[in-house]
Amino acid sequence: MYSEYHQAEINTQVNRSNSSLELVIPLVSSILSFTLGLGVTSITLLGINPGRVLAQMPSVESTVSEVKVLFVNPSVGNNTLANGSESAPLQTITQALQVASPNTVIMLSPGTYSADTGEVFPLKLKPGVAIQGDASNKGQGITIQGGGGFLSNRFGGQNVTIIGADEAVLTGVTVTNPNPRGYGLWIESSNLVITNNTFTGSTQDGISMTGNSAPTISQNYFHRNGANGMTIGGDSQPEVRENVFDQTGFGINITQNAAPLLVSNQIQNNRSGIIVQANARPILRNNIIQGNREDGLVAIAQAIPNLGTIAEPGGNQFSNNTRHDINASATKEMIPAAGNNLTQNRIAGKVDFNAQTAPTANLPKRTVVANRAVPSQGEITFSAANQSNQSQINYVKIDPNIVEFTAPQSPSPGQLATTSAAPPFGESPLLPIPNGNTRPTQPTAYVAPARVQPGVRYRVVVNVTTDRERAMVRNLAPDAFPTIRQGRRVMQVGVFSDRNNADEILRVLKSNGLNTTLEPLN
């Protein structure tokens, strides 16, 4: 799947039975084809100006080889009286999705699509349906803003703006979710095309994916999302090409068994550029990873990012990352990294600059259709059973070596019950959109030099109210124990003489959404 790093240029001509109008619409740099039906008829409608190109289409019933077009305008549209034509647009994307059949393109006019204009979130994309705004400026001026409750088959309740679907297309829009723990686009075991959009201002992730997903994500702009620009988890194998990840917590968070292909992305000015966790096996080629406040790339646990071999050089460029270009100190694995532009004295951990081979992910085989990976046996099915065995996406345990106070090994009197279920993924930095003075935080392998104030110790306490929160604390800090603080039951994680250690654990717990306090003890 990953042996070639280019996409075929596709120009699709579609003839109307009553017109000689031809639509041949290229996309900047690389062209993605929206494949319709059974792959016999296709149309590329990316980067199209609806007023200029489709003005001759009189109504929603006008078809181009059975491709329908629905127009939506939040300012002048009407869901009751309009038919979705250019002259009588619908008001909401919600209504357009309800009436859209496969092989439909939903064309969006400039404006903000929110609950105030009648949208009902989350918006659920449909197979064979494209939502299109203005791809030429990555959706500036066409904003989908809001979020709503979504019950994930794998991770329970989430707050999401848009839910992906197989064979859907999203292009030319700005997506933002300002709600607490808000995700922009959620992809769960589905394959779609996401190109030339802006994902910004979501309090959690711009995009999060899990399950057995294989979307194509290209030429998008990820800016100032609260936790991650993108989380890639499960057994996902997306192609992530030519995107910009800028000024967010982590640019890209890769975990579980994910094996994405990352090509020609710019990952810059984030807290850390790329975090690779668990058993992830990403392939990185020709990316620019620069100016990140901590590390360019961090490898944790059994993760092995493929940064290049002698036969297939990586071509990644690392520069001006504050701490390390590659930080592999939290993994015992050897990282293959042949053929990159980086400074060797800014490397931590075992890195092989002359790697002959690189490990590959043991994932289901996929076939590629129109430059998109799809399941070789058709539609993916999945079950909500055994959710307790699912690994958490943004999950890193606290390093026990920095916990100075050892908790009791047996439950204390009055200990509250806990559950064994893994906490839902994506619960890393739950902070407002960062600005120049505020950055979301996340655990790393870094331990700062000791900062000890004589005679002062620091206690880290978590105010827990639910079984899930208690289980999360147990997962992050197995030696945490219940106690009483100001008449309330809390969990104490540790007592520290080194303020750096206390701060590190405080960041870990807060980044997972836990109400945590740090108390000086004189």
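Two strands count as paired if DSSP finds at least two bridges between them, and the exercises below apply this to a predicted model.

**Exercise 1. Find which strands pair with β31, and state whether β31 is enclosed or open to the outside.**

Step 1. Begin with strand β29 (residues 295-300), which pairs with β31 in the parallel sense over four bridges; within this pairing, Leu-297 has Ile-326 of β31 as its bridge partner.

Step 2. Turn next to strand β33 (residues 347-349), which runs parallel to β31 and is joined to it by three bridges, with Ala-348 of β33 as the bridge partner of Asn-327.

Step 3. Finally, consider burial, for which a residue must have under 20% relative accessible area. Five of the seven residues of β31 (residues 324-330) are buried, so this strand is largely enclosed by the rest of the structure.

**Exercise 2. Trace the pairing from strand β23 through β26 to β29, and say how many residues of β26 are buried.**

Step 1. Strand β23 (residues 250-254) and β26 run parallel and are joined by four bridges, and here Asn-253 stands opposite Ile-275 in β26.

Step 2. Strand β26 also pairs with β29, again in the parallel sense, over three bridges, where Val-276 stands opposite Ala-299 in β29.

Step 3. As for cover, five of the five residues of β26 (residues 272-276) are buried.

**Exercise 3. Describe the open sheet of nine strands, and explain why β6 and β30 have one side without a neighbour in it.**

Step 1. The order of the strands is β6-β9-β13-β16-β19-β22-β25-β28-β30, and their pairing is parallel.

Step 2. Strands β6 (111-113) and β30 (317-319) stand at the edges and have a single partner strand each, so one side of each is left without a neighbour in the sheet.

Step 3. From one strand to the next, the twist averages 15°.

Step 4. For a pairing within this order, take strand β13 (residues 174-176) and strand β16 (residues 198-200), which run parallel and are joined by two bridges; the bridge partner of Val-175 in β16 is Phe-199.

**Exercise 4. Identify the residues with the most contacts inside the largest nonpolar core, and list what Ile-106 is in contact with.**

Step 1. The largest nonpolar core has 60 residues, and those with the most contacts inside it are Ile-106, Leu-108, Ile-207 and Ile-274. Helix α2 (residues 93-99) gives the most to this core, contributing three residues.

Step 2. When its neighbours within four places in sequence are set aside, Ile-106 is in contact with several residues, among them Leu-70, Val-72, Ala-96, Leu-97, Val-129 and Ile-131.

Step 3. Another core, of 17 residues, lies apart from the largest one, and it includes Val-473, Phe-496, Leu-509 and Leu-514.

Step 4. As background, nonpolar side chains tend to be buried together in soluble globular proteins.

**Exercise 5. Decide which stretches of the chain call for caution, starting from the average pLDDT.**

Step 1. The average pLDDT of the chain is 74, and 68% of the residues score at least 70.

Step 2. Over residues 1-65 the pLDDT stays under 50, although the model has 163 contacts beyond four places in sequence for them. Over residues 366-452 the pLDDT is also below 50, and this stretch has 237 contacts in the model beyond near neighbours in sequence.

Step 3. Where pLDDT is low, the predicted coordinates should not be read in detail.

Definitions and conventions:
Residues are numbered from 1 along each chain as its sequence is written. This is a predicted model: local features need pLDDT of at least 70, side-chain atom pairs count only at pLDDT 80 or more; totals for chains, interfaces and linings use all residues. Side-chain values use heavy atoms; hydrogens and water are left out. A nonpolar core is a set of buried Ala, Val, Leu, Ile, Met, Phe, Trp, Tyr and Cys residues joined through side-chain atoms within 4.5 Å. Buried means under 20% relative accessible area, exposed over 50%, partly exposed in between (1.4 Å probe, protein chains only). Contact means heavy atoms within 4.5 Å. pLDDT is the predictor's confidence in each residue, from 0 to 100. Axes are lines fitted to C-alpha atoms, for helices over the stretch in contact, and angles run from 0 to 180 degrees between N-to-C directions.
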